Amino acid sequence: MKRLLTLFCVIALLALGGCASAFEHGGKRQAASIVDYLYPDAKEPPKMAPTLTRLRLPVRVGIAFVPGGGYGAGPQEAAKQLLLERVRSAFTQYDTIGSIEVIPSAYLRPRGGFDNLDQVARMFNVDVIALVSYDQIRFNDTNRLAVLYWTVVGAYLIKGDQYDVQTMVDAAVFDVRSRKLLFRAPGTSQVKGSATLAGYGKEVRGAQSDGYVQAVDQMIPQLQAQLAGFKERARSDPGIQVERSDGRHGAGSIGWAAALLLAGVAWAIGRRHA
Amino acid sequence: MLKRAPVTIAAGAICLLLACAGEPAAAAMAWERSAILHGELWRLIGGHVVHFSPSHAGADALGLIAMGLVAEPLTGSRRFALVLGGGALLISLGLLALAPGLSEYRGASGLAVLTTVLGGVLAWRRYPASRAMLACAGLALASKTLWEAFSDLPAGVTVAWQAHLLGAAFGLCAASAIHSSRYQEHHA
């Protein structure tokens, strides 16, 4: 009987150890890099020609998440749309921005480069695109209470797992025609917490979503500040031309009727006084 | 005709050639307020020789050449070239100062009106027999805005009457300056 009890305890410990090791400990990263997207095969630094950036106000803006690498990289599509909607609603009051189009990730090809950006800009009829890249790292650890997981009930009641989710998002605003970076703004967040073994997955997914939301919320005021700074810079930067598209286009036209009349007058004078 | 008015023919030919060169050339030379204020000063002159459409260029070139053939022989080619160049510059600067809502301007009609007033005033003095015809033409031109509704301009483009007014004013000044200098030469 004693041997049987010992064997049961060993099997139970091994089984619980197996459960615990089924969860990832250490860390996990989700990232989408703007450099990988725009310069996929760059082995040398891109050559920048000194081109003039022309912005016609009000500017039509597109906003999109940089496509990540593979399925499950980054937030889900619905979450991405909600995050981009938050950014859009923060910029609707600007008279210099005509429209903001939220571009679904499906329209951007991973490692698509500026060619893909041009296609998307034409498809959505936008002049400027804000590309949001992200980098989220999740660290997982167990605390001393995790030892109580072996009681089985403890796996449901004791918060023996800890997580630390660090998120960085970065919006880079590009003029599509000149391919020039106009301005950029980052946002960061850190979400920490603990969870039971049974509820760990759900808690961590929530923490990751919160991380993106908090980082985007921090990014928005920085983006607004950068936009204000860009407006000031555009006034003095000879490489940037800003004009209102509702400004009048004037033609110096005398019209065919007047031109024919003048031709007749000239012909008559020439004939009389030749 | 080329011997009689070489500057006029050259100016008209440049307008027509640039109309054939297409939109990139026209966009690079058009009078654009923000571009000029950023230092692209060639647009002060370039805007007067590029147009919005070939039809627009054709009408302006015809008007310019027609009255240039009257005005240039009466002023002399060198003086006429100076008047045209100076007129283009002053009209452009005038548009910058007097038409703040204007973002872009293209067309030789400012120069055509300048040439018309210059040629008309000089011909009025030189050829008294043609005064009735010149008066009729002047009246017709004054009411030409009625015809502007039929001009072949793209949507969103309106006739910049300020350029015509500035051209007429400069043409009048040039005509009186030329007339007074000739008067002085005659009585010297």
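**Exercise 1. Check the length of helix α7 of chain B, and decide whether the helix is buried or exposed.**

*Solution.* Start with the length: helix α7 of chain B covers residues 109-126, and its 18 residues at 1.5 Å a residue should span 26 Å, which agrees with the 25 Å between its end C-alpha atoms. The expected span used here is 1.5 Å times one less than the number of residues in the helix. Helices (H or I, at least four residues) and strands (E, at least two) are DSSP runs, numbered from the N terminus.

Next, look at the surroundings. A residue is buried if 20 or more other C-beta atoms lie within 10 Å of its own, exposed if 12 or fewer, and partly exposed in between, with C-beta atoms placed from the backbone. In α7(B), 15 of the 18 residues are buried, so this helix is largely enclosed by the rest of the structure.

Before you go on, a word on the ground rules. This is a predicted model, in which local features need pLDDT of at least 70, side-chain atom pairs count only at pLDDT 80 or more, and totals for chains, interfaces and linings use all residues. Residues are numbered from 1 along each chain as its sequence is written, while chains are lettered from A and ligands numbered from 1 in the order in which they are written.

**Exercise 2. Do the same for helix α5 of chain B, then find where the helix bends.**

*Solution.* First, the span: α5 of chain B (residues 54-75) has 22 residues, which at 1.5 Å each should span 32 Å, and the 30 Å between its end C-alpha atoms agrees.

Second, the bend: α5(B) turns by about 40° at B:Gly68, taken as the angle between axes fitted to the seven residues ending there and the seven starting there.

Third, the cover: 18 of the 22 residues of α5(B) are buried, leaving the helix mostly covered. Finally, step just past the end of α5(B), where B:Gly76 has a positive phi of about 100°.

**Exercise 3. Describe chain B as a whole, and say how confident the predictor is in the chain.**

*Solution.* Count the elements: chain B has 9 helices and 3 strands. Reading from the N terminus, their order is α-α-β-α-α-α-α-β-α-α-β-α. Of its 188 residues, 46% count as buried.

Now take contacts, where two residues are in contact if their C-beta atoms, placed from the backbone, lie within 7 Å. Among chain B contacts between residues at least 6 apart in sequence, 82% join residues at least 24 apart.

For confidence, use pLDDT, the predictor's confidence in each residue, from 0 to 100. Chain B averages 84, and 87% of the residues score at least 70. Among the elements of chain B, helix α4 (residues 43-46) has the highest mean pLDDT, 94, and strand β3 (residues 157-159) the lowest, 66. Where pLDDT is low, the predicted coordinates should not be read in detail. The model scores are ipTM 0.79 and pTM 0.54.

**Exercise 4. Which parts of chain A touch chain B?**

*Solution.* Begin with the totals: the contact takes 28 residues from chain A and 47 from chain B. On the chain A side, β8 (240-244), β9 (248-251) and α7 (255-273) each supply at least two residues. The largest share, 15 residues, comes from α7(A). Sorted by class, the chain A side has 15 nonpolar, 9 polar and 4 charged residues. Here Ala, Val, Leu, Ile, Met, Phe, Trp, Tyr, Cys and Pro count as nonpolar, Asp, Glu, Lys and Arg as charged, and the others, Gly among them, as polar.

**Exercise 5. Place strand β3 of chain A among its partners.**

*Solution.* Strands pair if DSSP finds at least two bridges between them. On one hand, 5 bridges join β3(A) to β4(A), running parallel, and A:Gly62 stands opposite A:Glu101 in β4(A). On the other, 5 bridges join β3(A) to β5(A) (residues 128-142), also parallel, with A:Ile63 opposite A:Ala130. β3(A) itself (residues 59-65) is mostly covered, with 6 of 7 residues buried.

**Exercise 6. Where is A:Arg111, and what is the sign of its phi?**

*Solution.* A:Arg111 lies in the loop between β4 (97-102) and α4 (113-124) of chain A. Its phi is positive, about 60°, although A:Arg111 is not a glycine. With 14 C-beta neighbours inside 10 Å, A:Arg111 counts as partly exposed.
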